Amino acid sequence: MSFELPNKKEIEARYESYRNVFDEILEKVEGSLKNNLHLFSNPTYKSRIKSFYSYYKKILRQKAKESSESNKLVTLTDMIGIRVICPFVEDLAEVEKQVSEIYDVKEIEKKGAEQSFREFGYESVHILIAIPEDCRPTVNTDIELPDNLVCEIQVRTILQDAWAEVEHELIYKSEFNPFDKPLRRKLASINASLTLADIIFQEIRDYQKKLQSELGTRRNTFYEKADDFSNEVLHISKENPAKSSASSVDSPFTKGSIDDLVLQALHEHNQGNFEKAVSIYTQIIESSPEPAAVVLSVIYKHRGMAYFAQNLYDNALEDFSKSFEYDPKNFRSIYYKGIVYSVMNRNQEAVECFNKSLEINAFQSHVFYRRGLTYYNMGEYSLAMQDVTNAVNLGLEDEDLKELRNKLVKKFDMGM
């Protein structure tokens, strides 16, 4: 049986005639992805048009006889490719979900998912999308796009991408498939180690999110109590918003480790179990060996906030002082100490703490507000107005700040 062999020069000329069209589509689809994908972390993007050398090798492997029998371009699914590289495993499913919602998805393939742990090979999610209407080319409009033209979007973690790049150089490009069992085991071991690293990174990320959630809840509770005092000074009546409790989650760290105990203490704190939280913070402080100074500074700050929530102001002052002693750059601890003093109506001492905090970091709009409120409480209205102006200039937008400014304006109108 005879058949006509492909003509490489004709195929190359046909393929290269689409080059500008493919470049424009690639740029537009990548821009669309960057504008439309919204993730917790920031992915990076790699894009490319398949080289003719790779294209020709592939159509020969696929025995694309029709390439020499017509003037139509033989299409491959990966001629236009964009890679979305994400820091964490959780991002992969989110990218797949969002791409499926935004674009006309023709196929989704999860490569490497079928491999056993004894095998080596990269994992990747490959999504084929139809070319969106707003990404179609405006150059060479006389060239008709193939009906089945797609853009391939590959979604990987950073470590999956690193392994794929190395594997491509070692095995795919060199057409090397090792028969030596020890070497195959080494490659499989490296792949397994990278997969394990991805899992561990994700566990740490989950812990970090939980920790930030607990810290945010705890911080809001602290400021709500400080705001109660502000409302008394400004004679503002407000209803306290319903407090939302952070959900519990198992820590990926060893039970009893500092990280695990911090998360547990924060959770107890946010649930209103202040004595339990103080007990856990104390356990960390008294642990052996003694934690590093920066760790002690953080823990004393947390425990001081728990004492403050219980109206144990002297204990809170002592802990905030300890926190600042262990880390003299901890401007928040000395600021929190100033809040405690202001609640206790020890205004001069509060001002001194706010001054110290601003000496370390002069760009704290909320500290200017608190110091201005303290000056107002002391009858130092000019100093209070200066601080209000500084807080506004730094971008603080707060109803209590506006109320303080209004009261100061009235004082000036009345000639103080």
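## A tyrosine and its partner

Let's start with Y326, which is partly exposed, with a relative accessible area of 28% (buried means under 20%, exposed over 50% and partly exposed in between, using a 1.4 Å probe and protein chains only). This is a predicted model, where local features need pLDDT of at least 70 and side-chain atom pairs count only at pLDDT 80 or more, while totals for chains, interfaces and linings use all residues. Residues are numbered from 1 along each chain as its sequence is written, and side-chain values use heavy atoms, leaving out hydrogens and water.

Which rings pair up here? The structure has 12 aromatic pairs (Phe, Tyr or six-membered Trp rings with centres within 6.5 Å; planes under 30 degrees apart are stacked, over 60 edge-to-face, the rest tilted). Y300 and Y326 form a stacked pair, because their ring centres are 5.8 Å apart and their planes meet at 10 degrees. Y300 sits in helix α9 (residues 293–309) and Y326 in helix α10 (residues 313–326), so this pair ties together parts 26 residues apart in sequence (helices are DSSP runs of H or I, at least four residues, and strands runs of E, at least two, numbered from the N terminus). Unlike Y326, which is partly exposed, Y300 counts as buried at 9% relative accessibility.

## More rings

Elsewhere, Y15, Y18, F22, F52, Y55 and Y56 are linked into a cluster by ring pairs. F40 has a charge for company: the charged end of K209 sits over its ring, 4.6 Å from the centre (NZ of Lys or CZ of Arg must be within 6 Å of the ring centre and within 35 degrees of the ring normal).

## Helix α2

Helix α2 covers residues 19–36, and its end C-alpha atoms are 26 Å apart, which agrees with the 26 Å expected for 18 residues (1.5 Å times one less than the number of residues). Its buried residues include V21, F22, I25 and L26, plus E24 and E30. Among the elements covering them are α1 (8–16), β1 (44–49) and α4 (89–102).

## Two cores

The largest nonpolar core holds 55 residues, of which F222, F308, Y336, I339 and L408 touch the most other members (a core joins buried Ala, Val, Leu, Ile, Met, Phe, Trp, Tyr and Cys through side-chain atoms within 4.5 Å). A second, separate core of 39 residues includes F22, L92, V95 and L149.

## Cysteines

How many disulfides are there? The count is zero (a disulfide needs two cysteine sulfurs within 2.5 Å). The sulfur of C151 has its closest cysteine sulfur in C135, 8.6 Å away, too far for a bond. C151 counts as buried at 0% relative accessibility, and C353 counts as buried at 7%.

Notes. Contact = heavy atoms within 4.5 Å.
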